[in-house]
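This report covers helix geometry, helix packing, backbone exceptions and a few residue environments. The sequence and structure are shown first.

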Amino acid sequence: MREPNAVDFWRGIALITIFINHIPGNVFQNYTYSQYGISDAAELFVFLAGWSIGIATRGRDGVPEPAGRTVLRLLSRMVEVYRAQLVITAIALAMLAGAALYLDNPLLVEWHNAGPIFSDPIQATVGWVTLLHQLGFFNILPLYVVLLGLAPAFVLLSRVHLGLAIGISILLYAVSLVFEINIPSWPMEGHWFFNPLCWQLLLVLGFAAHEWRRSSERFLAWRRRLMPLGIVIVLVGAVLSWFNLRPDPLAVPEPRLLFIFDKSYLSPARLVHFLGVLLAFQAVFGLVQPRARWLTRQLAGLGRNSLAVFSVGSVASLGAQLIRFWSGGGFATDIFVVGCGLASLSFTAWFVEWRSRSPRPSSAA
């Protein structure tokens, strides 16, 4: 397995943060960085996915792999993510149904947009299998499915000129933002919580940052010079969050999404804040790694196995929600569910790597 690195380290932090934030009301949620700014771990996760695509689509010698191999690699990963989404959604539905039966509380099947699946299973089953109907807290992987479907086009465009890929990405983002274009939900009215047409920009920026890092000394120099600006942006975001200062959606001019702090459309304020977080904390891994090697190994292990860890974390967070509902919550309950959840994430990462290291038995002749 590869040695701990900054990408896996930060992806591990994002996975833990997402798990904790997907248990609403727990005491540890107050200490995740999403409570101290206007962006959160979702932005970090998507940006790092773009960075990882930059690594994966080049050989060890740094030469871009053939276009056909790149397309197949990204589309095969898209299928893996889609398969994981189907599995965790099915498990979540079974958990909600089982909890409703055990607790004799039919309202539990209404949780997280699950109601239509139980009340109108024919249409809703088609909806969740095609990703047009999504459960609450289970809507990140559908975003990844679409982003991975778009990724080959941007990667191949970048081989013509990186600026062309970035320009088209910005144009798609701006048009979707100004005209509020999003993928519709079905059979229920509405739209996707994470709009892929906007969030693709963050994926492309992550990919571009990797390309610039390996080929541009100017990028590295400006990254360091802009660290103070990043710190200022983080401090401004903290003040806005602490005092709950947000633009009134009814008071801002059109196009309103340019001015509000909207997560679904990745509004500019969230994007700028996240870029500030990147600049402000760019040196953290280099400071932590030599001083806390065990911690960096654990976090990087989570990041190396992000799909499996995220999938288990999604199911574990729903389990934690149900336990808190059944028990009434409280500090002791929060320690139990979060502790068990973090242990399950760590075990998942270890198990995936143990399986990959274990010798495969040879088949009989």
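The sections below go through selected helices, helix pairs, loops and residues of this predicted model.

## Helix α2

Helix α2 runs over residues 41-56. With 16 residues at 1.5 Å each, the helix should span 22 Å, and the C-alpha atoms at its ends are 22 Å apart, so the expected and computed values agree.

At the N-terminal end, α2 is capped by Asp-40. A side-chain oxygen of Asp-40 lies 3.0 Å from the backbone nitrogen of Ala-42. Most of α2 is covered, with 14 of its 16 residues buried.

## Helix α11

Helix α11 has 13 residues. From the first C-alpha to the last, α11 reaches 18 Å, close to the 18 Å expected at 1.5 Å a residue.

Buried residues in α11 are Arg-270, Leu-271, His-273, Phe-274, Gly-276, Val-277, Leu-279 and Ala-280. The cover over the buried residues of α11 includes α2, α7, α8, α9 and α10. Helix α2 is thus named here as part of that cover, and α2 is itself mostly covered.

## Packing of α3 and α6

Helix α3 covers residues 67-102, and helix α6 covers residues 140-160. Their axes come within 8 Å and cross at roughly 175°. An angle over 145 degrees counts as roughly antiparallel, and α3 and α6 are therefore roughly antiparallel to each other.

On the α3 side, the residues in contact include Ala-67, Thr-70, Val-71, Leu-74, Leu-75 and Arg-77, together with Met-78, Val-81, Tyr-82, Ala-84, Gln-85 and Ile-88. On the α6 side, they include Leu-141, Pro-142, Tyr-144, Val-145, Leu-148 and Gly-149, followed by Ala-151, Pro-152, Val-155, Leu-156 and Arg-159.

## Packing of α13 and α15

The second helix pair is α13 (residues 293-304) and α15 (residues 331-357), whose axes come within 9 Å and cross at roughly 70°. This angle makes α13 roughly perpendicular to α15, since the range for that class is 65 to 115 degrees. The crossing of α13 past α15 is left-handed.

Gln-298, Gly-301, Leu-302 and Arg-304 make the contact from α13. Their counterparts in α15 are Leu-345, Ser-346, Ala-349 and Glu-353.

## Backbone exceptions

Two cis peptide bonds can be described. One joins Trp-186 and Pro-187, with omega about 10°; Pro-187 sits in the loop between α7 and α8. The other runs from Glu-254 to Pro-255, with omega near -10°, and Pro-255 belongs to the loop between α10 and α11.

Positive phi values also occur in residues other than glycine. His-112 has a phi of about 55° and is found in the loop between α3 and α4. Phe-137 has a phi near 70° and is found in the loop between α5 and α6. The relative accessible area of Phe-137 is 23%, so the residue is partly exposed.

## Asn-21 and Ile-140

Asn-21 is in helix α1, which covers residues 6-21. A relative accessible area of 15% makes Asn-21 buried, as the cut-off for that class is under 20%. Beyond residues up to four places away in sequence, Asn-21 touches Gln-29, Thr-32, Ser-34, Gln-35 and Phe-137. Phe-137, one of these contacts, is the loop residue with positive phi described above.

Ile-140 lies in helix α6 and is buried, with a relative accessible area of 7%. Again not counting residues up to four places away in sequence, Ile-140 touches Ile-18, His-22, Phe-194 and Phe-310. Ile-140 and Phe-310 are 170 residues apart in sequence, while their C-alpha atoms are 9.8 Å apart in space.

## Ile-323

Ile-323 is in helix α14, residues 306-327. Is this residue buried or partly exposed? Its relative accessible area is 32%, so Ile-323 is partly exposed.

Leaving aside neighbours within four places in sequence, Ile-323 is in contact with Thr-333, Phe-336 and Val-337. Leu-164 is 159 residues from Ile-323 along the chain, and the C-alpha atoms of the two residues are separated by 50 Å.

Notes: Residues are numbered from 1 along each chain as its sequence is written. This is a predicted model: local features need pLDDT of at least 70, side-chain atom pairs count only at pLDDT 80 or more; totals for chains, interfaces and linings use all residues. Side-chain values use heavy atoms; hydrogens and water are left out. Helices (H or I, at least four residues) and strands (E, at least two) are DSSP runs, numbered from the N terminus. The expected span of a helix is 1.5 Å times one less than its number of residues. Buried means under 20% relative accessible area, exposed over 50%, partly exposed in between (1.4 Å probe, protein chains only). A polar contact is a pair of N or O atoms within 3.5 Å; within protein, one must be able to donate a hydrogen and the other to accept it, and residues adjacent in sequence count only if both atoms are side-chain atoms. Axes are lines fitted to C-alpha atoms, for helices over the stretch in contact, and angles run from 0 to 180 degrees between N-to-C directions. Angles under 35 degrees count as roughly parallel, over 145 as roughly antiparallel, 65 to 115 as roughly perpendicular and the rest as oblique. A crossing is left-handed if the near helix is turned anticlockwise from the far one by less than a right angle, and right-handed if clockwise. Contact means heavy atoms within 4.5 Å.
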